[in-house]
Amino acid sequence: MFDWILANPYAVAGLLLPIVIPLVVFQILPLLVLIERRGAAFIQDRAGPNRAYIYIPVLGVKLRAFGMIYNATDAVKLLFKENFIPPFVHKGWYLFAPGIPVITGLLGLALIPWFAPMSYVAGESLAVLSGQMIEANSGILLLFAFGGLGVYGIVLGSWASNSKYSLLGGMRASAMMISYEVSMGLSVMGMLMLVGSLGLTQVVEWQGAHTWGIVVQPIGFLLFLVSMFAECNRNPFDVAEGESEIVAGFHTEFNGVKFMTFMTAEYLHVIAASVLLATVYLGGYQLLPLPLPLDGFDAPWVDLNTLWLKNHLGIIAGLMLAGGGAGLLGFAYLLVGRRRTYQANDANAVLKAERSKEYGLYIAVFALGGLGMLAGAVASVMLMHTAALGQTINNTVIFPGWVNAVTAFIQFNILIGKAMLFCWLFVWVRWTLPRFRYDQIMALGWKVMLNIALVNLLVTAVIAKLVR
Amino acid sequence: MAKVIPRPQLSFWENIYFVEIFKGLATTWGHAQKNLIKGDFPTRNYPDELPALPRDYRARHRLMKRPDGTPRCVACFMCSTACPARCINIVAEESDRLDIEKRPAKFEIDLLLCVFCGFCVEACPCDAIRMDTTLGVMVADNRADFVINKTTLMDWAPADYPATDTQSQKAPGGSLHAQALADFNSGNRH
């Protein structure tokens with residue numbers, strides 16, 4: 001068994017990735033909740049939730065982690081709430097419904113290419129480890145199908161609740177889903193037409209070989225972005241919930257852990273939508289929005305960007321680590337200033353001492369992390385020389401396993417970084433715009449977005465035909 | 001005649017939403033980055049950062065002290081009579097000094113009944129009760145703890161009060177205490 005693991009590292013990696021990647025992506029969720037709460041607070045000129053803490057006895061520090069502890073307190077509160085089931089609901093479907101959006105959200109992540117396919121030598125022939133967990137020819141269509149299934153959980157939950165307010169929320173969600181699914185599909189079609197394939201890996205590779213989707217399809221990008229807001233039931237399209245109109249919307253009758261599951265699914269869909277937007281329109285795991293030069297290599301359909309990345313791995317890893325380290329050091333510097341402010345303002349000496357200790361810990365952690373990353377940057381630039389390691393077999397460049405692993409890690413981080421930009425955009429827009437009225441949403445979806453998407457598709461088709 | 005307010009007509013750029021959306025995003029981004037980087041919010045970190053209340057703010061009461069540390073109160077019941085909420089409960093007893101007739105054996109204020117009107121301060125003939133502690137926050141776990149007694153009322157330090165407040169500085173620990181105690185012992189108790 002152990003010998004087999006050592007002999008087939010790529011096969012083992014292929015088996016582990018479907019477990020590891022959802023777990024890693026799930027860790028973005030508490031971060032997203034934190035960004036939502038503190039981002040909302042900062043936009044509205046207030047401090048936001050920052051008071052829950054965990055006391056660490058050894059250090060004597062009240063660890064508040066910038067409000068991160070609220071995630072834990074929320075989870076504990078919701079898990080230990082009474083699991084009340086209203087007597088009038090259809091029990092089976094009612095209990096089953098909250099799980100559906102979570103499952104579809106996680107399945108959507110399985111179709112995203114998280115890193116470039118790695119070629120490796122398996123015995124006599126070449127084999128490829130894909131960055132996607134499910135590699136289907138239908139690609140993005142399957143992703144849309146999973147996304148569309150997510151609303152089934154909402155409708156089923158609202159229907160099984162046997163309450164008119166829930167049902168109204170569920171019907172609104174499903175009607176909006178149907179309306180915006182149309183313009184979503186049509187807007188992304190322009191991109192797929194240029195690529196000539198439905199596979200997401202091919203979409204990303206095309207962007208590596210040409211340029212990012214947002215450059216060639218700006219209108220398609222905007223339409224797709226707006227449709228994604230509607231798909232995720234996020235403001236300004238959050239009519240599925242409406243306190244003033246339909247009590248709480250589709251989750252009126254849900255409480256405790258069932259409600260938490262619905263909320264988890266909402267944020268999971270935000271993450272999935274962000275990753276999809278980054279994949280289709282922001283180059284996915286590609287580093288730069290232009291094809292990079294490569295000496296003595298002229299194969300027409302090849303992932304030049306990834307090859308360039310593998311050839312210059314030390315410099316790229318060094319630059320990324322240096323950027324991350326500078327960011328952490330900057331944050332530590334920010335905390336130094338914050339600590340000084342608290343020293344000036346805090347009410348009494350006990351508080352001052354506590355806060356000084358707490359912020360001292362944060363500053364130490366972030367400064368050490370930043371310095372460590374800077375050291376790692378210097379080390380990777382000096383030690384990682386990969387340009388000579390590639391061997392060309394059957395017109396494919398094969399790199400050693402560790403180069404592939406580091407590349408995959410870097411590309412995963414690039415994709416997550418781009419997705420976090422969109423996550424912030426989701427939060428930012430939510431706290432900027434007022435919500436649309438329901439009929440305005442329908443008018444916008446059917447009378448405006450659908451037409452623009454169709455015209456965009458037509459123009460793209462003509463141009464694609466002329467260019468080819 | 002009713003005043004007709006014309007419905008505002010949206011211009012072309014306002015009608016396609018996107019320009020206005022980006023303007024709004026720029027506004028909120030300005031606020032977000034200012035608050036993230038500078039960190040000086042218009043709001044206050046309330047229980048950690050307390051507001052500076054002025055001395056004439058009617059806060060929790062205190063009992064003033066003579067230079068020898070006894071309360072200035074002579075248990076005349078003026079304050080409890082003036083109190084519209086009837087929250088002051090005084091039990092008088094005979095003083096052990098020959099020049100002072102009475103003193104409070106018990107002086108309780110029920111903070112849950114108190115309406116913080118300041119009438120007790122106005123009524124007091126001896127400047128014995130004041131509401132200048134700036135203790136605006138009163139917290140307790142049960143109702144009984146909101147009834148504060150003589151010990152709590154006299155638990156204050158002259159150092160926390162300004163030097164111009166001569167009555168407070170005459171109490172034990174104050175800057176004028178030595179002279180005041182000498183005067184007090186020689187019979188000049190005011």
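Two residues are in contact if their C-beta atoms, placed from the backbone, lie within 7 Å. The structure on display is a predicted model, in which local features need pLDDT of at least 70 and side-chain atom pairs count only at pLDDT 80 or more, while totals for chains, interfaces and linings use all residues. Residues are numbered from 1 along each chain as its sequence is written, and chains are lettered from A and ligands numbered from 1 in the order in which they are written.

**Stop 1: the cores**

Select A:V275 to begin. Neighbours within four places in sequence aside, A:V275 is in contact with A:L109, A:I112, A:L415 and A:A419.

Now add A:I271 and A:L277; together with A:V275, they touch the most other members of the largest nonpolar core, which has 91 residues. Such a core is a set of buried Ala, Val, Leu, Ile, Met, Phe, Trp, Tyr and Cys residues joined through C-beta atoms within 7 Å; buried requires 20 or more other C-beta atoms within 10 Å of the residue's own, C-beta atoms being placed from the backbone. Helix α13 of chain A (residues 256-281) provides the largest share of this core, 13 residues. Helices are DSSP runs (H or I, at least four residues), numbered from the N terminus.

Move next to B:L63, B:I109, B:A128 and B:I148, which are among the 19 residues of a second, separate core.

**Stop 2: between chains A and B**

Display both chains: 18 residues of chain A are in contact with 18 residues of chain B. On the side of chain A that touches chain B, α3 (28-43) and α15 (313-345) each supply at least two residues, and α15(A) gives the largest share, five residues. That side comprises nine nonpolar, five polar and four charged residues (Ala, Val, Leu, Ile, Met, Phe, Trp, Tyr, Cys and Pro count as nonpolar, Asp, Glu, Lys and Arg as charged, and the others, Gly among them, as polar).

**Stop 3: α15(A) and α17(A)**

Keep α15(A) and add helix α17 of chain A (residues 401-430); their axes, lines fitted to C-alpha atoms over the stretch in contact, come within 11 Å and cross at roughly 35°. Here A:L313, A:I316, A:A317 and A:M320 of α15(A) meet A:V403, A:V406, A:T407 and A:I410 of α17(A). The contact has seven nonpolar, one polar and no charged residues.

**Stop 4: α7(A) and α8(A)**

Finally, select residues 140-161 and 164-195 of chain A, helices α7 and α8, whose axes come within 8 Å and cross at roughly 175°. The two helices are therefore roughly antiparallel (angles over 145 degrees). Their contact includes A:F144 and A:W159 of α7(A) and A:M177 and A:E181 of α8(A).

Technical notes. A residue is buried if 20 or more other C-beta atoms lie within 10 Å of its own, exposed if 12 or fewer, and partly exposed in between; C-beta atoms are placed from the backbone. Axes are lines fitted to C-alpha atoms, for helices over the stretch in contact, and angles run from 0 to 180 degrees between N-to-C directions. Angles under 35 degrees count as roughly parallel, over 145 as roughly antiparallel, 65 to 115 as roughly perpendicular and the rest as oblique.
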